[in-house]
Amino acid sequence: MKIYKFLSLFFIAFTFFTVLSCSNNDDDDTVSDVTPGKLQVKFENGFNNLGDIVLNQTTQNSSGGQKHQFSTLKYVVSNITLIDENGGEFKYHYNDPDKGAFIVDQAEAVAGINYINLTEIPKNNYRKIRIGLGISQTAYLIGQDGQGGVFWQKAKTAGMAWSWAAGYIFTKLEGKYGSSSPSTEFMNHCGNMGNTAANNTADLYREITLDLPTTARVTKDITPSIHILADLNQYLSGTTALTLNGTNDMVMGSNQHLVNVTNNISRMFKVDHVHND
């Protein structure tokens, strides 16, 4: 009888520790699963936080009383950085335009949205996103050969580059403006003029950090989508109110007007919402 009881207790104990061991292994597998995931960034261009600008149609009134509309609306996004709950940063192909720079083109928007799909994102909970508007001097000064030339060719095809000596166009805004109706053409192309230190020109590259209203939870099974609204009302009605006229309606490069344009539109971004699907 004693032997029977001993064997019964031994069997129960063995079963308990086996189950506990399996449970711990399952927990370890869950904790140690650091398989990277994906993340999508969506850009929606609009006026006054109302999205989907229709080229050659959507008209906005500036704070200076001018009506304006866009026929071309493009800008370069690079150096995307994700910031986690503890302040740690993941930099997505930082200063590598061939893999980490993208062109947001309103003419290519699908239902008003431009999509950027990022891969190999570390599993984590992210609370902020930082984006570069344009191409940094560090990336540009690597040189055309050092960059690999992939994004440079893409930029040239998209009309977002001058000669290599002049560099990339960061923001291309074209359309019409006027007091009673948009009838006079304008063209503002913002970008660095090559090596800014050597050429003594303004550096128009900007980095913008945005808070996420909801944590973006990246796992192998969850691909968050960060929806960013770009309020192009900032173009003429931002921190520095601008009025288009014969001195600045057809300019390119980095003169003071385009410095003001860049400073204005660098404040046009905000995260509207995050989907964790």
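Which residue caps the N-terminal end of helix 8? That role falls to Asn-255, whose side-chain oxygen lies 3.2 Å from the backbone nitrogen of His-257. Helix 8 itself runs over residues 256-265, and 8 of its 10 residues are buried, so "mostly covered" is a fair description under the cut-off of 20% relative accessible area. The buried set consists of His-257, Leu-258, Val-259, Asn-260, Val-261, Thr-262, Asn-264 and Ile-265.

Let us step back for a view of the whole chain before returning to details. What you are looking at is a predicted model. Its mean pLDDT is 90, with 87% of the residues at 70 or more. Please treat the beginning of the chain with care, though: over residues 1-30 the pLDDT is below 50, and beyond near neighbours in sequence that stretch has 1 contact in the model. The protein is made of 8 helices and 14 strands, and 49% of its 277 residues are buried. If you take the contacts with a separation of 6 or more, 74% of them involve residues 24 or more positions apart. The exposed surface comes to about 13,600 Å², of which carbon and sulfur atoms supply 52%.

A good place to see such long-range contacts is Ala-216, in strand 11 (residues 206-218). Ala-216 counts as buried because its relative accessibility is 0%. Its C-alpha atom lies 5.0 Å from that of Tyr-126, although the two residues are 90 apart in sequence. Beyond the neighbours within four places in sequence, Ala-216 is in contact with several parts of the chain: Leu-39, then Asn-124, Asn-125 and Tyr-126, then Pro-224 and Ile-226, and finally Val-274 and Asn-276.

From there we can move to strand 12 (residues 224-231), which holds Ser-225. With a relative accessibility of 8%, Ser-225 is buried as well. Its side chain has a partner: a polar contact of 3.2 Å joins it to the side chain of Gln-40. Setting aside residues within four places in sequence, the contacts of Ser-225 are Gln-40, Lys-42, His-273, Val-274 and His-275. Val-274 is thus a contact of Ser-225 and is also listed for Ala-216.

Now for the aromatic rings. A pair of them is described by the distance of the centres and the angle of the planes. The count for this model comes to 14 aromatic pairs. One of them joins Phe-151 and Tyr-168, with 5.7 Å from centre to centre and 35 degrees between the planes, which makes the pair tilted. This pair ties together distant parts of the chain, 17 residues apart: Phe-151 belongs to helix 5 (residues 150-157), while Tyr-168 sits in the loop between helix 5 and strand 9 (171-178). Both residues are buried. Elsewhere, ring pairs link Phe-47, Phe-70, Tyr-177, Phe-186 and Tyr-235 into a cluster.

Phe-151 also leads us to Ala-101, which touches it along with Val-77, Ser-78, Asp-96 and Ile-135, not counting residues up to four places away in sequence. Ala-101 is located in the loop between helix 2 and strand 6 (102-105). Is this loop residue buried or exposed? Ala-101 is buried, because its relative accessibility is 3%. The C-alpha atoms of Ala-101 and Val-77 are separated by 5.7 Å, with their positions 24 residues apart along the chain.

Another loop worth a look is the one between strand 5 (89-91) and helix 2 (97-100), where His-93 is found. His-93 is not a glycine, yet its phi is positive, at about 45 degrees. With a relative accessible area of 32%, His-93 counts as partly exposed. In the same part of the sequence, the charged end of Lys-91 sits over the ring of Tyr-94, 4.5 Å from the ring centre.

Asn-56 offers another backbone detail of this kind: its phi is near 70 degrees, again a positive value in a residue other than glycine. You will find Asn-56 in the loop between strand 2 (50-51) and strand 3 (60-61).

Conventions: Residues numbered from 1 in each chain as written. Predicted model: local features only at pLDDT ≥ 70, side-chain atom pairs only at ≥ 80, totals over all residues. Heavy atoms only, no water. Phe/Tyr/Trp six-rings, centres within 6.5 Å; stacked < 30°, edge-to-face > 60°. Helix = DSSP H or I, 4+ residues; strand = E, 2+ residues; numbered from the N terminus. Buried < 20%, exposed > 50% of the residue type's maximum accessible area, 1.4 Å probe, protein only. Lys NZ or Arg CZ within 6 Å of the ring centre and 35° of its normal. Polar contact = N/O pair within 3.5 Å; in protein donor to acceptor, adjacent residues only side chain to side chain. Contact = heavy atoms within 4.5 Å. Areas by Shrake-Rupley, 256 points an atom, 1.4 Å probe, with all protein chains shown as cover. pLDDT = per-residue confidence, 0-100.
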